[in-house]
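Visitor: I have a structure to go through and some short questions about it. Can we take them one at a time?

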Amino acid sequence: METYYGDARNLMDLIKKIKSCSMCQLCRELPAGVEPLPGIGKGDIMVVCDGPNIDNMILEDYDTSLAQKTFLKVLADSGLKEYYITNIIKCYSESNYKKHELNSCYRLFTEEVLEKKPKAIITS
């Protein structure tokens, strides 16, 4: 999937903010060379998942797990070809997310929604 953020300068600034995030322990403990995962894609529809798996983050891609591939296939089969896909949580965790991690990422996610201004939001 091609990375596309539109013409919005503020969205590009937000993507940089997400990729350089260090607001919680998850971001600070990422393996070397792995950054928090911002949204990717194009279109006025925003698809929201809960959080990335480690392969999503390393490959900077959203269709690495069977569940994600299945979900994206359902979207494609429905005729939806262009969409922006993102996670509420921007970093991978092997355990359940803690409240402060959710709060940190939720602020970034809210900014992302406000900047992207989707016509519709679909959750997985």
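Visitor: Is Glu-82 buried, partly exposed or exposed?

Guide: Glu-82 counts as partly exposed, because its relative accessibility is 43%. Buried means under 20% relative accessible area, exposed means over 50%, and partly exposed is in between, with a 1.4 Å probe and protein chains only.

Visitor: Before we go on, what sort of model is this?

Guide: This is a predicted model, in which local features need pLDDT of at least 70 and side-chain atom pairs count only at pLDDT 80 or more, while totals for chains, interfaces and linings use all residues. Residues are numbered from 1 along each chain as its sequence is written, and side-chain values use heavy atoms, with hydrogens and water left out.

Visitor: Back to Glu-82. Which side chain does it meet in a salt bridge?

Guide: That of Lys-42, at 3.9 Å from N to O. A salt bridge here is a side-chain nitrogen of Lys or Arg within 4 Å of a carboxyl oxygen of Asp or Glu.

Visitor: Where do the two sit in the chain?

Guide: In distant parts, 40 residues apart. Lys-42 is in the loop between strand S1 (40-41) and strand S2 (45-49), and Glu-82 is in the loop between helix H4 (66-77) and strand S3 (84-87). Helices (H or I, at least four residues) and strands (E, at least two) are DSSP runs, numbered from the N terminus. Lys-42 is partly exposed too, with a relative accessible area of 31%.

Visitor: How many salt bridges are there by this rule?

Guide: Five. One of them joins Lys-73 and Asp-77, with the closest N and O atoms 2.8 Å apart. Both residues lie in helix H4, four residues apart, which is about one turn of the helix. Asp-77 counts as exposed, because its relative accessibility is 57%.

Visitor: And what about Lys-90, which side chain does it pair with in a salt bridge?

Guide: Glu-112, at 2.5 Å from N to O. This pair links distant parts of the chain, with Lys-90 in the loop between S3 and H5, Glu-112 in helix H5, and the two positions 22 residues apart.

Visitor: Are those two buried or exposed?

Guide: Lys-90 counts as buried, because its relative accessibility is 1%. Glu-112 counts as buried as well, at 0%.

Visitor: What else does the Glu-112 side chain join?

Guide: The side chain of Tyr-84, through a polar contact of 2.5 Å. A polar contact is a pair of N or O atoms within 3.5 Å; within protein, one must be able to donate a hydrogen and the other to accept it, and residues adjacent in sequence count only if both atoms are side-chain atoms.

Visitor: New topic. How many aromatic pairs does a search of the whole structure find?

Guide: One. Tyr-106 and Phe-109 form a tilted pair, 6.1 Å centre to centre with 45° between the planes. Rings of Phe, Tyr and Trp (its six-membered ring) pair if their centres lie within 6.5 Å; planes under 30 degrees apart count as stacked, over 60 as edge-to-face and the rest as tilted. Both residues lie in helix H5 (residues 99-116), three residues apart. Tyr-106 is partly exposed at 47%, whereas Phe-109 is buried at 9%.

Visitor: Last one. How many residues has the largest nonpolar core?

Guide: The core has 24 residues, and those with the most contacts inside it include Val-47, Met-57 and Leu-72. A nonpolar core is a set of buried Ala, Val, Leu, Ile, Met, Phe, Trp, Tyr and Cys residues joined through side-chain atoms within 4.5 Å. Apart from it lies another core of six residues, among them Tyr-84 and Phe-109.
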